[in-house]
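Biologist: Can you pull up the model? I'd like to go through some contacts with you.

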Amino acid sequence: MYEQHHHNVRPTVQLPSFDDMLHMARHQPEELEKLRQHLCQQVIASAPPKGRAKLEGLQFRIDAQRRLSQSPIGACVRISRMMNAALQDLCDVFNDPHTKRGDDTAHTNNVIPLFKRQSQ
């Protein structure tokens, strides 16, 4: 299903064709779910050790949103909202490097604002 290369190169994943995955979704949803889980595990396992815990935590949150949803579209909407919130947080930090978010404190000496704020 995928090839593992050495020298810190991420694994190359060979996905089934769209038509094959559509067939799996309609007739073998449990197999498609196994494929999804396998691919997610592969990406996490191939990440540098330093970032693996964050990826595992993110995958846990995504899986929780999927379980809370009553439909695949509902899960998509929930996960999209989660991603948009994270993007907004990132934009806030870029635009105001002194912003504090929860336990995460922006490293003001390493963040350069993309745009200068105009005086109001």
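Biologist: What joins the side chains of aspartate 63 and arginine 36?
Modeller: A salt bridge, 3.6 Å from N to O. The term means a side-chain nitrogen of Lys or Arg within 4 Å of a carboxyl oxygen of Asp or Glu. This is a predicted model: local features need pLDDT of at least 70, side-chain atom pairs count only at pLDDT 80 or more, and totals for chains, interfaces and linings use all residues. Residues are numbered from 1 along each chain as its sequence is written, and side-chain values use heavy atoms, with hydrogens and water left out.

Biologist: Where do the two partners sit?
Modeller: Aspartate 63 is in helix 3 and arginine 36 in helix 2, 27 residues apart, so the pair links distant parts of the chain. Helices are DSSP runs (H or I, at least four residues), numbered from the N terminus.

Biologist: Is aspartate 63 buried or exposed?
Modeller: Partly exposed, at 22% relative accessibility. Buried is under 20% relative accessible area, exposed over 50%, partly exposed in between (1.4 Å probe, protein chains only).

Biologist: Which residue in helix 2 does arginine 36 pair with?
Modeller: Glutamate 33, by a salt bridge of 2.7 Å, N to O. They lie three residues apart in helix 2, about one turn.

Biologist: Which residues form the network?
Modeller: Salt bridges link Glu33, Arg36, Asp63 and Arg66.

Biologist: How many salt bridges in total?
Modeller: Four. Among them is glutamate 31 with lysine 34, at 3.5 Å, N to O.

Note on methods
Helices (H or I, at least four residues) and strands (E, at least two) are DSSP runs, numbered from the N terminus.
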